[in-house]
Structure formats: C-alpha cells, structure tokens
Amino acid sequence: MSNRLVNETSPYLLSHAENPVDWYPWGEEAFSKAKAEDKPVFLSIGYSSCHWCHVMAEESFENKKVAEILNRFYVPVKVDREERPDIDSVYIEVCSALTGSAGWPLTIVMSPDQQPFFAATYLPRENQGNQMGLLSVLISLADMWQKEKGKLLKTAGEVRQYLLRPQSLKGVHPDDEFLHKAVEQLYASYDSEYGGFGSSPKFPSPHNLIFLMRYSKLSGDKKAREVVENCLRQMYRGGIFDHIGGGFCRYSTDREWLAPHFEKTLYDNALLALCYTEAYQEGRLPLYKDVAERTLDYCLRELKSPEGAFYSSQDADSDGVEGKYYLFTPDEVKNVLGVEKGKGFCECYDILDEGNFHGKNIPNLLINQRWRILPEGYDELREQLRVYRSQRCELKTDEKIITSWNGLMLIALSRAARVFNSSRYLSAALELKDFLLSKDCGPSALTSCRTKGHNRYPATLDDYAFTALGFLELYEISFDGVLLNAAKIYGEEIIKQFSDGNGAYYLSSSKAEKLIKRPKELFDGAMPCGNSAAAQLFDMLFRLSGDIRWRDAQNALLEVLCSHSEQYPAGCPFALCSLLSILYPTKELLCVADTLPEALEAIMGRYEPELTLLLKTPENADDLAAFAPFTADCKADDKSAYLYICSGGKCSLPYPLN
C-alpha cells in the first residue's frame, strides 16, 4: 500500500512511496499529527543519487519491523535535500553540532515543534560493534519520550540556543594579506603527488581551481597555475572522470582519484566544464578543451530535458549495485571491440583480469604513461563501449530541474560557446536562458525547482545569484541587453528578499517557510555558497554598469565573508574571485558599433579575467542605457566603430577601430 509520498513529484520521495513506513512529506499535516498524538518526528533527508541513501532505504525503510516501530512511535517525514536546501541546511548544522560531522542520509529526531534532540547520518538496521543500529536508536528514543521527555526537550532547547547564538564577527578587512593567506592555505592542503586538496575522500573543488587560475593570471604567481594544471591532469587521468561517456562523478573515495562515488551531479559537471574551459583559454592545451567538451556533451546527452533545462543527477547504483553501470571486464571489452582492439584498449585504460574495483574495472589512465596522446580511433572505441553499457543496464536520472544548478550550467555553456566558437553550445545556452526567463511569472516569483512540469518552492539565494551570473556570462557572447537588465533585477531581488541587514544574505527568502532558524551559508562547500556567488554578481554588475551601489554591496558582503572565515580564508574561494577585481587593476571596454569587430572578438576569447566588454548597437542601445545610463551619450559615426577604454578608475577618450 502506498504512503503519502505517492502524491509528490520528487523522484527521491517517490522512490519511498511504497515503503511500509508511513512517510509524510514535510508540511503542516505531519507536524499537526505529531502534536495531536504527542509523538516525536523522525526526519530523514537524502537525495536520489546518494548511494548510502539507497542502502539505508533497502536495509531499513523497506523492513517491516523498522516500519512498525516508526509508524507506532513516530511521525516519519521524508525530505529531498535538493528540493528543500533550506531544511537541509538547518539540520545539517544540527548534525554537525551534535556529532561533529554531517552527511547523507541525514537522520534527525525532533519534537513536534521541530526542535531536534538526536542526529546521525547512515545507521545500519542492527547494532554493529560499538555503533547502535537504527532499531535500537528508535526503541531507546521512544522509551525516553514516554518516560524522560523532559531530558529530550532540554537537549532540544540547548540545540536551539546553539543554532540561534549571536555571531560576533571581527572586522576583518578583505585585503592583500587575507587573499595571500587563503592562497597559502590552499597550497598547504594541496596534494602535489596526485593533485587535489586533502587526502580521501577527495572532492574536485573546481571553485578552488577557478580562484587559483584567476589569481595566477592577475598576480603573476606561477605556482598557482602549476597547482591547477596538475589537479586538472590528475582528475582527468583518474576514474572520477568517466572515460567512456564523459563527465565527472561527485568525488573520489581514494587519494589517487581512481575509485569514485559514482553519482554524477549537474553542478559538479557544470563547474568542472567551466574550469577546464578557463584552463584552455590560457595556453590552449587541447586536453583541456577535450575534457570540457566531453563533460558538456555528457550533460547535453544525458541530462538535458525537453524544456531546454537540465536534470539534477544520475544515480550511483544500477540494479542495486554501486557503480555497476560503469564497470567492465576485459572479456566484455573484447566482445564489443574485437580481440585485438579490445586488448589494446584494456592495456591503455587499466582494464585487468583481476580488476581494480571489486573484481571489475574502472577505466582510467593512471598507469598509462602515454595518456597525453592516445592512439587514433579511440573516440570511436569509447563510443562503442558507451552504447554497449547503456544497453547493458539502466542508469536512473533524477529529473528535478534545480534553478541554481541550471544557472551554473548556463555559465559553463556560455563560456564554452565563446571560447570554442561553438554554435552548438550557444544554441543550448540560449535555449536554457529562455527556460530560465520564462518558467516563472517574474523574478520576484522565481522558484527553486521544477519537477514533472510543476514549479515548486520559493527560490533561494543560490537560485538568484547563479542564474544572474549565467545571464551575464551569456551576454558576453550574445550582447543581448535584456540579459544585463535581468541580472540587475535579480541582484535587486537578492538585496530585497535575502538581506540579513549586516551585509550578508540568508539562503531562504523572506517569503519562504519559517523554520527553527533562517539558514545562512558563508562557506563554500562541494559547490560555492550563494553568498560567494552574490559577491561575484555584485562585482560584475558594478564593473559593467558603473553603479556604485553594487560595489558598496560587494564590499559589505566581503567584509562579512572575510570576518567569518578569518581563521580559514580558503573557505570562500569563489567569493575571493570578486576580491581580485578590487585588489588588481581591471579594464572595462565599451564598443559602439553595428557588430563586434574581429579584433575585440579575438580579445574576448583570451583568458582576461580583469576584462569586461559592453557592446552598444542600434538594436540594443535602449536596453543598454537602462542598465548603464552612461552609455546613452557614447556614440559612433557612420564610418567607424568606437572603443571606450576604462582602467583603474580612469577612462580614455574614444578612438576609432576602423
């Protein structure tokens, strides 16, 4: 018999709709029932492509004994963290406070008024060694709720006090010293042998690399570029990159990048595609273009929706086995490619009889000393194997469309279209832009996600900030003034709906559901936080429009971010990208012409992070003037295109380009 999740649209929630657990979606019905029956709420948060979420579901939530206890003593609530990042952010902080770490599946037990008193991540069904299993935890907490409720509520009160504690931030000024301290901290955590930062598990952290690339270009620090190059090469060589179908898995379980956690997410692949594209801009190394294109092509092939947007992720598991979709044996390869070609392919990609992962093989180039130059024809061989594996077993796709992640994808596609001169990527970017601009009634009604044709939940800070950055990136190839004004409106909505009054911004809108705490994220995690994105947005809006209010907003936000990360400046690298334009000279160009001159087209294809360009044409003059009023008086004659150059706060006289 189905539970209440059967009426939801999230693939993750729907996957639990046939559980014997009487799940409720997050909402008034669940909490009213808990209050009326005086029961604690059992909150389980996860997402569709999470391997351990699947393990816990199969092991516990499909178990009748677990279901009987949950249904009798608790009100069970399921949340998709990708649909409700606000709820997830609050209770991830709870778990970190109570246990010292956090992750998914996230397990919270709380009072009917949402006050948590227990937190954990994955719990096995039965006790294992010193670890209590879920059954024991449920029985113990249910007994305490009946006999010692006061103790649990006292704990809940202490947790709430901790969450709502005032934050006293020192006035740390964002300056050269802070920036260089962040760089040195990244160097200190850098793995010079295998690339990446830290040991295992190892995340790609593309925002670290994007920051270091831009810092290297502007400061002249060659070490920063060397760090980036080594990371990009090693990640490509490892099994975290899908050598058969393109794209990157979420993270590596080992230091060497061999064995990934096999789920693929849109945000990772968008950020990594951008990272490799930026790397290609400086130096034009063909490898970086190849990886960027194979990553974007994976997204276009596997994640693109009929509406022109992109789905959120693909599963780590197939047929209940982690990574099954991606693994090969030598015999399989030879059967598909033929004995001779198959033998060469196996030697190249480390596909062994004994296997390199649970008896099978993750294709990789870690031991191949000739990995830079693969033999001719390998594109065709990889494609044959990709088609074969797609028919061998199913790989599930979570078809949620998350606004912020699509904003990141718009950035990646737009940059690739410009750098690679690709009409295909430009077409995809324009289609995605049309979706983002038309899917809601206006910026104040922007929603966070869309599933099965339904827009749901008020947009978060991340949704506004990343989408606006996507519009600005697309402007640099389309020069459509509508995009500039849309980005400006989104920036204004951020200030209007999300401001904390002290320079930073909440994750959730003032229009969103009130939780026990209004979440605010000031550190970059697996993806950059919304405040870091907002800092970049304000920076770009100021540089393009000259409107000082954006620089004021940027300065105030950087003050908060730097004060919050005083002890660990490397914690907000995406925000530090915007600090670079304050500490290093920038160049702002305005060209008045019918079309973009070839000379400027070539310049905009180079890696010049300090450079921005506005193009004023007869068609976009009104839109441009609405965004940047100073452009109204900039004119050209019938014979020449004119270029206005501003640098270091000074503008030169215009001069003709032809």
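Colleague: What is the volume of the second largest cavity?

Modeller: The second largest cavity has about 80 Å³. The model is predicted, and this volume is computed on it.

Colleague: What makes that space a cavity rather than a pocket?

Modeller: A 1.4 Å probe fits there but cannot get out, so the space is called a cavity. A pocket, by contrast, is an open set.

Colleague: Which residues line the second largest cavity?

Modeller: Among them are Phe 241, His 243, Ile 244, Cys 249, Phe 262, Tyr 326 and Arg 389. By class, the lining has eight nonpolar, two polar and two charged residues.

Colleague: What makes Cys 249 and Tyr 326 count as nonpolar in that lining?

Modeller: The class list decides. Cys and Tyr are on the nonpolar list, so both residues go there. Gly 239 also lines this cavity; Gly counts as polar.

Colleague: How many cavities are there of 30 Å³ or more?

Modeller: The count is three. The largest cavity has a volume of about 500 Å³. It is lined by 33 residues, and the closest to its centre are Arg 214, Arg 415, Glu 473, Met 540 and Pro 609.

Colleague: Which element gives the most to the lining of the largest cavity?

Modeller: Helix α22 does, with five residues. Other elements that each supply at least two include α9, α11, α18, α20 and β17. The class split of this lining is 16 nonpolar, six polar and 11 charged.

Colleague: Now the helix pair. Why is α11 called roughly antiparallel to α12?

Modeller: Their axes cross at roughly 155°. The cut-off for roughly antiparallel is over 145, so α11 earns that label against α12. The axes come within 8 Å. The crossing is left-handed.

Colleague: What makes the contact between α11 and α12?

Modeller: From α11 (residues 266–281), the contact residues include Leu 266, Ala 273, Tyr 276 and Tyr 280. From α12 (residues 286–303), they include Tyr 288, Val 291, Leu 296 and Leu 303. Contact here means heavy atoms within 4.5 Å. The residues involved divide into 13 nonpolar, three polar and one charged.

Colleague: Back to empty space. What is the volume of the second largest pocket, and which residues are closest to its centre?

Modeller: This pocket holds about 580 Å³. It is lined by 25 residues, with Ser 15, Ser 48, His 54, Asp 315 and Lys 396 closest to the centre. Two or more lining residues come from each of α1, α3, β10 and β12. Helix α3 gives the most, with six. The lining comprises seven nonpolar, nine polar and nine charged residues.

Colleague: Last, the backbone. Which bond type joins Trp 104 to Pro 105, cis or trans?

Modeller: That bond is cis, with omega near 5°. Pro 105 sits in the loop between α5 and β4. A cis bond also joins Ser 200 and Pro 201, where omega is about -5°. Pro 201 is in the loop between α8 and α9.

Colleague: What makes such bonds worth listing?

Modeller: Most peptide bonds are trans.

Colleague: What is the sign of phi at His 358, positive or negative?

Modeller: Phi of His 358 is positive, near 50°, and the residue is not glycine. Most residues other than glycine have a negative phi. His 358 lies in the loop between α14 and α15.

Notes: Residues numbered from 1 in each chain as written. Predicted model: local features only at pLDDT ≥ 70, side-chain atom pairs only at ≥ 80, totals over all residues. Heavy atoms only, no water. Axes fitted to C-alpha atoms, helices over the stretch in contact; angles between N-to-C directions. Helix = DSSP H or I, 4+ residues; strand = E, 2+ residues; numbered from the N terminus. Parallel < 35°, antiparallel > 145°, perpendicular 65-115°, else oblique. Left-handed = near helix turned anticlockwise from the far one by under 90°. 1 Å grid on protein atoms, 1.4 Å probe; cavity = no way out; pocket = protein on both sides within 12 Å on 5 of 7 lines; lining within 4 Å. Points joined across faces, edges and corners; volume = space filled by probe spheres on them.
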